[in-house]
Amino acid sequence: MTVDEIVQKPYVQLLAMLGESNLPPGGLATVHDLALHLHLRPGVKALHAGCNAGFLSRELARRTGASILGIDISPDMAEAANLRAKQEGLDHLARYEQQDTRELPYADGEFDVVLSGGAMAFVRDHRRAVDEQIRVTKTFGLLGDVQFYYRKQPPQELLDRVSEVIEVPVPQYSREYWLDLYDTPQLQPYWRTDADAVWRTDEEVEAYSRAMVERCAQGWSEAAQEALFERFQHIFGSFNENMKYLGYTTYVYRKVDAASEPALFL
């Protein structure tokens with residue numbers, strides 16, 4: 001790969017090509033919480049909406065034995081996720097397709113569980129996306145997600161820098177926005193937890209960026225490796241600074257039908 005290609009390749013395509021895992025907000029602790037509170041186990045059929053490179057669904061499949069279909073609007077991410085699943089011997093449990101979560105080609109009630117891992121912030125028309133996810137969840141099935149929100153307002157310079165990295169405006173939503181989005185008669189709150197995002201030192205970001213170059217760029221020219229390191233430093237340094245202003249909520253909802261008895265003390 002040339003220096004110019006490294007500098008010019010769009011962020012999503014670069015990470016998909018290099019196989020960088022996109023962990024959900026909260027990292028492995030969130031994987032544990034979703035596995036536990038979505039009651040994932042062998043025989044459960046789940047949909048992972050906005051799968052990116054598939055880390056969350058692969059790890060959930062690995063830990064629980066559930067069968068998980070991941071979808072992403074980016075064909076590059078779906079391809080990268082399928083490759084990683086095959087490399088890790090998980091392709092019998094986790095597979096991936098390019099699909100739009102706002103227009104799912106699946107039958108009503110096809111999945112026991114529908115989950116996401118922070119990708120909903122980048123979807124246009126959240127109401128439509130959530131309604132589709134509810135539609136394909138079976139009655140008394142579970143929906144789970146985890147979403148960042150800003151606990152305090154970050155500097156505009158930082159927002160501009162992150163927007164430049166991800167090539168779209170930085171989504172800014174409150175905790176209450178996400179809770180209101182799922183406040184519908186079809187869903188009952190099942191489980192929820194809140195936490196502050198964590199961030200790393202500059203030295204840790206630099207070490208991570210070097211480790212990623214060593215993993216991804218073996219055999220590249222010295223100039224290409226240095227260009228990749230500088231881009232990683234910019235990407236992950238920007239994300240890390242942004243983390244200082246973020247919190248996240250992990251939540252699970254239970255789908256009910258119109259005939260279900262009302263409940264007061266959920």
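**Crossings and a sheet in a predicted fold**

Modeller: Helices H7 and H10 pass each other in a left-handed crossing. This is a predicted model, where local features need pLDDT of at least 70, side-chain atom pairs count only at pLDDT 80 or more, and totals for chains, interfaces and linings use all residues. Residues are numbered from 1 along each chain as its sequence is written, and side-chain values use heavy atoms, with hydrogens and water left out.

Biologist: What makes a crossing left-handed?

Modeller: The near helix is turned anticlockwise from the far one by less than a right angle; clockwise would be right-handed. H7 and H10 are left-handed.

Biologist: Why is H7 called oblique to H10?

Modeller: The axes of H7 (residues 156–166) and H10 (residues 222–243) cross at roughly 135° and come within 10 Å. Under 35 degrees counts as roughly parallel, over 145 as roughly antiparallel, 65 to 115 as roughly perpendicular, and the rest as oblique. Therefore H7 is oblique to H10. Axes are lines fitted to C-alpha atoms, for helices over the stretch in contact, and angles run from 0 to 180 degrees between N-to-C directions.

Biologist: Which residues of H7 and H10 meet?

Modeller: Among them are Leu158, Arg161 and Val162 in H7, and His234, Ile235 and Phe239 in H10. Contact means heavy atoms within 4.5 Å. By class, this contact has six nonpolar, four polar and three charged residues.

Biologist: What makes H2 roughly parallel to H5?

Modeller: The axes of H2 (residues 11–18) and H5 (residues 75–87) cross at roughly 15° and come within 9 Å. That makes H2 roughly parallel to H5. Val12, Gln13, Leu15 and Ala16 of H2 touch Asp76, Met77 and Ala80 of H5.

Biologist: How do you know which strands stand at the edges of the sheet?

Modeller: Seven strands form an open sheet with mixed pairing, in the order E3-E2-E1-E4-E5-E7-E6. Two strands pair if DSSP finds at least two bridges between them. E3 (94–98) and E6 (187–196) each have a single partner strand, so one side of each is left without a neighbour in the sheet. E6 pairs with E7 (residues 246–255) in the antiparallel sense, over nine bridges. Gln188 has Arg254 in E7 as its bridge partner.

Biologist: How do you know that the radius of gyration agrees with a compact globule?

Modeller: The rule is 2.2 Å times the number of residues to the power 0.38, and the radius is taken over C-alpha atoms. For 266 residues a compact globule would be near 18 Å; the chain has 19 Å, so the value agrees.

Technical notes. Helices (H or I, at least four residues) and strands (E, at least two) are DSSP runs, numbered from the N terminus. Ala, Val, Leu, Ile, Met, Phe, Trp, Tyr, Cys and Pro count as nonpolar, Asp, Glu, Lys and Arg as charged, and the others, Gly among them, as polar.
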